[in-house]
Each structure stands twice: as structure tokens, then as C-alpha cells.
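Trainee: Could you take me through one part of this model closely, and set that part in the context of the whole chain? I would like to follow the reasoning step by step.

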Amino acid sequence: MRHPPSNPPDPNAPKPSFSVVIPCYNEVNTVQDVVTRVLAESIVDEVVIVDDGSTDGTRELLKQIEAEADSRVSVIYHERNRGKGAALVTGFQKTTCEVIVIQDADFEYDPREYALLLRPIQEGVATVVYGSRFLGGPRKAMNFWNMVANKCLTLITNILFNAILSDMETCYKCFRREVVDGMKINARGFEFEPEFTAKVLRQGIRIVEVPISYYGREYDEGKKIKWTDAPIAAWTLLRYRVFN
């Protein structure tokens, strides 16, 4: 006999307020269109953009966007490049809404899927939701070795933390703000992903995954993560499992 879940979904639950945090470094060719797409989503209440010391004209463009966009948009400027993790920490501190989602300043992820990410949180069945690129959603073929690195790092995560994630490295991490309110994040670069995941899982929070689309870009299109980030991510997972 199957028993109903202890916390059944509430499809009529009110929508929590929703913040989008966009870390941005040298994305002059894409950031304006990304912000336009984000603001087109009616569930978005706040957009916090953190420019991480861009040198390609992004900062000047962001000042124009901030002046012309609606009141939902605010921009914070790092005087020098400090890394994606540092930009996200700054962004989290500036948000005011109940739920936060991370959005990269390029076209790899589609803001039209915010509702998919928010639904499990809104219905009360999740505190943290990841958008997985490996659960059957449409995707542009990614670099093979990037996929191998993602799969290996996710496997390490599952072994160390007794989880069943399919995509630990996804950008689309959506969570209630209290998850990060008391969390000290040390990462300054791309090691944010494993550190955040490790600290969420160590709190006993089970991460819900939903399938998303993915349109990965090539390195000549501005992709920044490199193979050298993989061993740093693996060490980060081990560090926060064993030592912290």
C-alpha cells in the first residue's frame, strides 16, 4: 500500500517573492539581451547584477541598463575581478526576496524555465532546486570532456554526501534565501558550485532536480570555465566533507 507524502504539494500556494542574481564578467555581447529575457518573466520581482571587474565595456553597458530598465534592476560593481563565487556572495547579500535563483549572463540557460525551478519550492516540497542538464531536456551538444568532468564531479558528490544528483555543476540553483543567510561561502571562483552543494547537503537538505534545456557555448564564444577548474572542484568537495 502506497502512503501519501508527509508534505503533499500545495498547488494553490501563493508565489514567494523571487530574486535573480546575475554574476557578470566581460559579457558585453550578451548581458543586455539576458537581462531583457529575465525581466520578461512575470514571476521575477528583483534582478541583482554584479559586475565582477569587467574590462570589455560591460560596466558602461550595465550603467545604461540600470538607468533605462525598470525599478526591479540594481547593479553592484566590483572594482576588480574577484571571481564568480565572490560576485554571487555580493549578490546574495543585496537580495530582498524569499527565493533566489542564479542566472549566468550568457545564453546557455533559459529564463523561461524559472517557473519549473520555483514550483517545488512554491508547493512546499523543496527548499533547494537544481535545474539538471542531464534529465532529458533539450540541449545543444556540449564539449565531451566538459561533460565527463561534470559527470565525474557529480559522482564524487553523490559518493561523499549520499546523494543522487545528476548535475551538481549546473548554474540553475534555486533556493529559499534562508539557505544562504547563515552560510559562510569561502569560494571566490567556480568552486562555488561544489562548496554550495556540499554545505546544502551537510545541512541535511535534499536537493530536488528538474529537467532544463541547455545551450552550451564554445570557448571562442566566451565560455570561461576550464579543465583546470575540475580538480579544484573535486578538492572542494572533499574538503567540505572531511574537514569542515
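Mentor: Let me begin with the whole, bearing in mind that this is a predicted model. For 244 residues, a compact globule would be expected to have a radius of gyration near 18 Å, and the protein, with 17 Å, agrees with that. Its C-alpha atoms fill a box of roughly 60 × 45 × 35 Å along the principal axes, and eight helices and seven strands are found in it. Buried residues account for 52% of the 244, and among the contacts with a separation of 6 or more, 80% join residues that are 24 or more positions apart.

The part I would look at closely is helix α2, which spans residues 58–68 and in which Thr 58, Arg 59, Leu 61, Leu 62 and Ile 65 are buried, that is, under 20% relative accessible area. These residues lie on the same side of α2, because the arc they cover around the axis is only 155°. The general background is that an α-helix has 3.6 residues a turn, so residues three or four places apart point the same way. On the other side of α2, by contrast, Glu 60, Ala 67 and Glu 68 are exposed.

As for what the buried residues of α2 meet, they pack against strands β1 (18–24), β2 (46–52) and β3 (73–78), and also against helix α1 (31–39).

To return to the surface of the whole protein, its accessible area comes to about 11900 Å², with 53% belonging to carbon and sulfur atoms, while the 30 positive and 33 negative side chains form two sets whose centres lie 6 Å apart.

Definitions and conventions: Residues are numbered from 1 along each chain as its sequence is written. This is a predicted model: local features need pLDDT of at least 70, side-chain atom pairs count only at pLDDT 80 or more; totals for chains, interfaces and linings use all residues. Side-chain values use heavy atoms; hydrogens and water are left out. Buried means under 20% relative accessible area, exposed over 50%, partly exposed in between (1.4 Å probe, protein chains only). Helices (H or I, at least four residues) and strands (E, at least two) are DSSP runs, numbered from the N terminus. The arc is that of the directions from the helix axis to the C-beta atoms. Contact means heavy atoms within 4.5 Å. The radius of gyration is taken over C-alpha atoms; the globule rule is 2.2 Å times the number of residues to the power 0.38. Accessible areas come from the Shrake-Rupley method with a 1.4 Å probe; for residues, only the protein chains shown count as cover. Lys and Arg count as positive and Asp and Glu as negative; His and the chain ends are not counted. The place of a charge is taken as NZ of Lys, CZ of Arg, CG of Asp or CD of Glu.
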